Amino acid sequence: MRTALALFEVRRLLRSPLLWAAAALAVTWRATMTWQMMPNWSLEAVHTATATLIVGAAALVAANLVTTRDRRDGIREALAALPVRAPARTSAAVVATCAVAVLGATAATLLLLATLSVDAVPAGRLDVYELCGGVAAVALAAALGVALGRWIPHPMAPLVAIFLLGMAMIVGAGGRLLPVVFVWDMPVHLSRPSGLHVVYVCALVVLAGAAALLRYGPRPARVTAAVTALAVAAGVTTATAGEAQDVPAATQHCERRGDLTYCAFPGYEPWIALWAGAVEPVARALPPAARAHLPQIRQRAGGDMEFYLPQADADRSVRPGQTWGRNGGETAYRRTLAARTAAAITGLPWGGRNSQVDSLSCDARDQARTVVALWLAGHTAAQRLPVDVEIIRKFGNRRVGTMGRSDMGWVDYSAAELEYSRHLLARPGARQAVWEHWDRLLDPRTTVRQALPLLGLRPLPATYSALPADRMREEACP
């Protein structure tokens, strides 16, 4: 009888649009967020599991509606004539809602993995246990919905529970007692007992189901299930206490391609080809003698290279982070990596180390090497103005901060240098002119006006001026 009742509830839940709408929302939201980002499996497994909590919220509400159905007007009299009592209906509700919740979460997880695989060169290591932990957390939400329906049969109870659980996830991020453990930083590799964490969440599912049945009295089976589940959860929590959240890689895999050396963390080796595609056009545009001492492309732990600025090491290595683009999003990463490489080659302090004030950009306007650096980077992708220059263009001649926002890092330039580099890219014989006067062009003392006859360029109209005169003057790039 209980099996038949559980199957009946399963069929009803499968026809309900609530869970499937939540699964579609989770997939759509996460796929939109990641569509232009190359998957990093070390993080995406956790983020995918977190996204399925949307399905968990719907499962909690659906389970609560199933459980509180027998409290609606006219239902109690009809149920009194049936041979199945409340404890049996409760156990059937736990089984049915958990089963459908697992099905919905699994479908959402598989669809999310499918979207992450489109036009992708994945990096990192995929931990299947992390995905299983997300599915188990959705089942836990369903079991909690049944328990709430039995102990607090109020229409607002599931919404309050979702709010409180959400706040606990955010405020207690990283806590071992949470069903899903968030990751806010960019570890090289996650190192945590994800398999034991699945056991922990499954024990909580049993505990929540037993709590729902304990509403009808402490029967031996119910007490035994609750005590056993609590002991397992406590044991796993104790066993995993003090485990590290992430482990930085001590060594990197390095390989030589053409004139450059690339070093990547274990698991990120497939991205070397992506980096090479961005910087090799820059290297090929150099004079042969300048290719002997090129900077290394050495990966660092961290996120978006465009916003998390790397430091300039003694070896002038250019440091991409642990993110890259796809489906059109790779253009910005290619442009930035090419610009940082060109800045390092031409001697610009691309890492943002200002000799007087580290927090300020340096001023590379009216330097011939700035035009050369932008010309080199333009062989990979068209360069753009720094963000602060765009702000001045949009909002008028006003003072703005000196926070570096150019693709070359904390190196400021104006529309004039960018336009000269574009003219140089379009000029036949530009490469020979740059090669012939390479040393003089890279001298920080050589101005743009002095370089124009060397490059065969004409002065631009007065509209291509430097930044407004009332803008804070920065220290010139040494």
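User: What share of the 478 residues of the protein counts as buried?

Analyst: The share is 51%. Buried means under 20% relative accessible area, exposed means over 50%, and partly exposed is in between (1.4 Å probe, protein chains only).

User: What kind of model is this?

Analyst: The model is predicted: local features need pLDDT of at least 70, side-chain atom pairs count only at pLDDT 80 or more, and totals for chains, interfaces and linings use all residues. Residues are numbered from 1 along each chain as its sequence is written, and side-chain values use heavy atoms, with hydrogens and water left out.

User: How many helices and strands make up the secondary structure?

Analyst: There are 18 helices and seven strands. Both are DSSP runs numbered from the N terminus: helices (H or I) have at least four residues, strands (E) at least two.

User: How much surface does the protein expose, and what do carbon and sulfur atoms supply?

Analyst: About 21700 Å² is exposed, and carbon and sulfur atoms supply 63% of it. Such areas come from the Shrake-Rupley method with a 1.4 Å probe; for residues, only the protein chains shown count as cover.

User: How do you know that the span of H2 agrees with what is expected?

Analyst: Helix H2 covers residues 17-34, which is 18 residues. The expected span is 1.5 Å times one less than the number of residues. That gives 26 Å, and the end C-alpha atoms are 26 Å apart, so the two agree.

User: Which residues of H2 are buried, and why are they said to line one face?

Analyst: They are Leu-19, Ala-22, Ala-23, Ala-26, Val-27, Arg-30, Ala-31 and Thr-34. Seen down the axis of H2, they fall within an arc of 150°, so they line one face of the helix. The arc is that of the directions from the helix axis to the C-beta atoms. Pro-17, Leu-25, Thr-28 and Thr-32 are exposed on the face turned away from the buried side.

User: What covers the buried residues of H2?

Analyst: The cover includes helix H3 (41-51), helix H4 (53-67) and helix H6 (86-116). Contact here means heavy atoms within 4.5 Å.

User: What makes the buried residues of H8 a one-sided set?

Analyst: The buried residues of H8 (residues 157-171) are Ala-157, Pro-158, Ala-161 and Met-169. They cover an arc of only 100° around the axis, so they sit on the same side of H8. That buried set packs against H4 and H7. On the other side, Phe-163, Leu-164, Ile-170 and Val-171 are exposed.

User: How many aromatic pairs does a search of the whole structure find?

Analyst: The search finds three. Rings of Phe, Tyr and Trp (its six-membered ring) pair if their centres lie within 6.5 Å; planes under 30 degrees apart count as stacked, over 60 as edge-to-face and the rest as tilted.

User: Why is the pair of Tyr-268 and Trp-271 called edge-to-face?

Analyst: The ring centres are 5.4 Å apart and the planes stand at 80°, so the pair is edge-to-face. Tyr-268 is buried, with a relative accessible area of 0%. Trp-271 is buried too, also at 0%. Ring pairs link these two with Phe-265 into a cluster.

User: What makes the pair of Trp-324 and Tyr-333 tilted?

Analyst: The centres are 5.6 Å apart and the planes differ by 40°. That angle is neither under 30 degrees nor over 60, so the pair is tilted. Trp-324, at 2% relative accessibility, counts as buried. Tyr-333, at 7%, counts as buried as well.

User: How do you know that the charged end of Arg-215 sits over the ring of Trp-151?

Analyst: The charged end is 5.6 Å from the ring centre. The rule asks for NZ of Lys or CZ of Arg within 6 Å of the centre and within 35 degrees of the ring normal.

User: Why is Asp-119 called exposed, and where does Asp-119 lie?

Analyst: Its relative accessibility is 53%, so Asp-119 counts as exposed. Asp-119 lies in the loop between H6 and helix H7 (128-151). Asp-119 also has a positive phi of about 50°, although it is not a glycine. Most residues other than glycine have a negative phi.

User: Why is Asp-366 called partly exposed?

Analyst: Its relative accessibility is 41%, so Asp-366 counts as partly exposed. Asp-366 lies in the loop between strand E6 (362-363) and helix H13 (368-377). Its phi is positive, about 60°.
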